[in-house]
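Hi everyone, thanks for making time this morning. I'd like to walk you through one structure, so let me put it up on the screen.

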Amino acid sequence: MDHKQKKDLQKKTERKQDNKEKKKSQKIREWEQSKGTRVIRPVWFAVVGLTLSMAALLYWFFLR
C-alpha cells in the first residue's frame, strides 16, 4: 500500500465512523423528543411534605 491508498482508506473509515455517530446521536435525539417533558404534579409535593413532617415528628417524639 502506498501513502495515497493508506490516506484514502483512513478517510473512508473516518467517514464511516462519523456516519455511525451521527445516526446514533440522531436516534438519541429522537428518543428524547418522543419522551416529552415531565410534569411534577402538586400532589407529589403534598405527599413528600407529609412524609417529611411525619418523620420529623417521630424523630422529635422518640429520639429527643
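I'll talk about an aromatic pair, a surface patch and a residue in a helix. Please keep in mind that this is a predicted model.

Let's start with the rings. How many aromatic pairs does a search of the whole structure find? The search turns up one. The partners are W60 and F61, with ring centres 5.4 Å apart and 50° between the planes. That pair counts as tilted because its angle is neither under 30 degrees, for stacked, nor over 60, for edge-to-face.

Now, are these two residues buried or exposed? W60 is partly exposed, at 46% relative accessible area, while F61 is exposed, at 56%. The line for exposed is over 50%, so W60 falls in the partly exposed class.

Both W60 and F61 also belong to a nonpolar surface patch of about 980 Å². The other members are M54, L57, L58, Y59, F62 and L63. Let me pick out F62 from that group: F62 sits in helix 2, and its relative accessibility of 66% makes it exposed.

Staying with that helix, which covers residues 42-62, I'd like to show you L52, which is also in it. L52 has a relative accessible area of 58%, so it counts as exposed, the cut-off being over 50%.

Finally, here's a distance for those of you who like to check coordinates. How far apart are the C-alpha atoms of L52 and K7? They are separated by 64 Å, with the two positions 45 residues apart along the chain, counted as sequence separation.

That's my tour, and I'm happy to take questions.

Note on methods. Residues are numbered from 1 along each chain as its sequence is written. This is a predicted model: local features need pLDDT of at least 70, side-chain atom pairs count only at pLDDT 80 or more; totals for chains, interfaces and linings use all residues. Side-chain values use heavy atoms; hydrogens and water are left out. Rings of Phe, Tyr and Trp (its six-membered ring) pair if their centres lie within 6.5 Å; planes under 30 degrees apart count as stacked, over 60 as edge-to-face and the rest as tilted. Buried means under 20% relative accessible area, exposed over 50%, partly exposed in between (1.4 Å probe, protein chains only). Helices (H or I, at least four residues) and strands (E, at least two) are DSSP runs, numbered from the N terminus. Patches are made of residues with over 30% relative accessible area and no salt bridge: like charges are joined within 9 Å, nonpolar side chains (Val, Leu, Ile, Met, Phe, Trp, Tyr) within 5 Å. Accessible areas come from the Shrake-Rupley method with a 1.4 Å probe; for residues, only the protein chains shown count as cover. A salt bridge is a side-chain nitrogen of Lys or Arg within 4 Å of a carboxyl oxygen of Asp or Glu.
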